[in-house]
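Please look through the structure below with some patience, part by part. The paragraphs after it are written for a reader who has not met it before.

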Amino acid sequence: MPPESATLDSSRVPFSFELYPPRSASGEDALHETIRRLADAGPDFISVTYGAGGSTGGRSLEVLRFIRENTYVEPLAHLTCVGNTYAGAAALIREFLDAGILSFLALRGDPPAGQTEPFLGDLETSAQLVQLIGRVQAECAPYEETPIPGLPGAARITSRRHVNIAVAAFPKGHPRATHRTQDVEALLAKQAAGATFAITQLFFHPDDYSAFVERARAAGVTIPILPGIMPITSPARLARVLELTGEDLPSELAIALEIEPTAEGRREIGIEWAARLTREVVAAGAPGVHLYAFNQHDTVLTVLAEAGLLPALRS
Ligand code: FAD
C-alpha cells in the first residue's frame, strides 16, 4: 500500500474496485467483460464479495480465478467467518490459497436475513479470522513450485509471498456498535491480529473519513485506511445502502436524485458526487480509493476520470 501522503498526481493515486459474484450465466459473461475493462484501467486490486455463511463461496472463487488467470490485477477475496467452525474456516482459507489467492478482506459477516444473534460459529470477530488466515498460510509450504515447460518433472522453486489481509472500518460507526470508540478499538484489535490495511464502509462526506482516520491514528492505528466510495445513481440504491449500512440520509444527494426526472441525469448526479468525494479524500491524504463498482465498469471509470485519476480518459 502507498503512503498516506499521496497527492492528486494521477500516476501516484492507487485505486481498486469491488465486484460481487454474478447470479446467472449471462451475468457471468457481462462480468468478464467488466473485469477486462476495469483491469485495463490499472487498479491495484479487484475485490470480490463473499456471501456470509458461504452462500456465494464457489462463485466468488470462480470470479477471483478469472481475474488471476486473465488479467495482471491482484484478486482480493472477501471472506466471512459467520457461522463457520475453525476447521471449516481453515479449509476454506486453504482452498483460496491453493487457487493462488494471496490477498483477503477478513470480515465477520452479518446474520442471514431474519436471524438475530447469537449466530456466530467458532470465530466471533474478524480479528480472529485475520489470525487464522495468517496461521493457515504459515502452515502451507514456504515455497511455490512452477512447472518448467519442456522439462517434465522439473519445477522452478520460488519463495511464497506473504498474504495481504485487509479488514473493514466504519467511519460513521458500525450499525451495532454500542459506543463511539468501539470501532477504533475494533480496528486496533484487527491491526494487532495482523491486518495490513483497512477498507472503509461507504460514507457521504469527506469529513467523516478524515475525522475517523484522525481518531484511529490518535489511538495507535498505523495501517493504511482506504476510503470506500460508492456512486449512488438512483433513489432506490440510496435507500438500499442506507438500510444496509445504517448511515444518515445525505439530504442534498437524496433531494437531487429525487427531483431529477431522467435515469441519465441521476447517473450524472451520482458520478459527480462520487468524483467530488474522491478528489476531497485524496486531497485530505487518503492513500488511494476503493470503488464499489456494482459489476459495471462505465460508472466507476467515469468517476475516476472526473476525479482526474485516469489520464487516458480525461477529455
Ligand atoms: P468485526 O470486525 O468482527 O466487528 C464488528 C463490530 O463488532 C465492530 O465494529 C465492533 O463494534 C465490534 N467488535 C469486533 N471486535 C471487537 C473487539 N475486539 N473489541 C471491541 N469491539 C469489537 N459482508 C459480507 O457478508 N460479505 C462481504 O463480502 C462483505 N464485504 C464488506 C466489505 C466492506 C469494505 C465492508 C465495510 C463491509 C463488508 N461486509 C461484507 C459487511 C460486514 O460483514 C458487516 O459490516 C459485519 O457486520 C461486520 O463485519 P466486520 O468484519 O467489521 O466485523
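What follows leads from the surroundings of the ligand to the aromatic rings and then to a few residues in loops.

The structure shown is a predicted model, and the ligand is a convenient place to begin reading it. Around the ligand there are 25 residues, and those that come nearest are Y50, D110, S126, H174 and K190. Sorted by class, this shell is made up of 11 nonpolar, nine polar and five charged residues. Several elements of the fold contribute to it, since at least two residues of the shell are supplied by each of β3 (74-80), β4 (103-107) and α5 (182-193). Of the elements, α5 gives the largest share, with five residues.

Some of the contacts to the ligand can be followed down to single atoms. H174 has a polar side-chain atom at 2.7 Å from an oxygen atom of the ligand, and for K190 a polar side-chain atom lies 2.8 Å from an oxygen atom of the ligand. G109 takes part through its backbone instead, with an N or O atom 3.0 Å from a ligand oxygen. Taken on its own, the ligand has 970 Å² of accessible area, and the protein covers 84% of it.

The aromatic rings come next. A pair of such rings is described by how far apart the centres are and by the angle between the planes. With ring centres required to lie within 6.5 Å, the model holds four aromatic pairs. One of them joins F45 and F197, whose ring centres are 5.8 Å apart and whose planes stand at 55°; because this angle is neither under 30 degrees nor over 60, the pair counts as tilted. F45 belongs to strand β2 (residues 45-48) and F197 to strand β8 (residues 197-200), so that the pair links distant parts of the chain, 152 residues apart. Both F45 and F197 are buried.

A second arrangement is found in the pair of F203 and Y209, which is stacked, with 5.8 Å from centre to centre and 15° between the planes. F203 has a relative accessibility of 2%, and because buried means under 20%, F203 counts as buried. Y209 is likewise buried, its relative accessible area being 2%.

Rings also meet charged groups in this model. R276 lies over the face of W273, at 5.2 Å from the ring centre, while the charged end of R237 sits over the ring of F294, 3.5 Å from the centre of that ring.

F294 leads on to the loops, for its place is in the loop between β11 (289-292) and α10 (298-306). Although F294 is not a glycine, its phi is positive, at about 50°. How far is F294 exposed? Its relative accessibility is 25%, and because partly exposed covers the range between 20% and 50%, F294 counts as partly exposed. N295 is also in the loop between β11 and α10, and N295, a residue other than glycine, has a positive phi as well, near 60°. N295 counts as buried, at 13% relative accessibility.

Another loop, between α7 (235-245) and α8 (251-259), holds E247. The relative accessible area of E247 is 9%, which means that E247 is buried. Between E247 and E33 there are 32 Å in space, C-alpha to C-alpha, and the two are 214 residues apart in sequence.

Conventions: Residues numbered from 1 in each chain as written. Predicted model: local features only at pLDDT ≥ 70, side-chain atom pairs only at ≥ 80, totals over all residues. Heavy atoms only, no water. Phe/Tyr/Trp six-rings, centres within 6.5 Å; stacked < 30°, edge-to-face > 60°. Helix = DSSP H or I, 4+ residues; strand = E, 2+ residues; numbered from the N terminus. Buried < 20%, exposed > 50% of the residue type's maximum accessible area, 1.4 Å probe, protein only. Lys NZ or Arg CZ within 6 Å of the ring centre and 35° of its normal. Near = heavy atom within 4 Å. Polar contact = N/O pair within 3.5 Å; in protein donor to acceptor, adjacent residues only side chain to side chain. Areas by Shrake-Rupley, 256 points an atom, 1.4 Å probe, with all protein chains shown as cover. Nonpolar A, V, L, I, M, F, W, Y, C, P; charged D, E, K, R; others polar.
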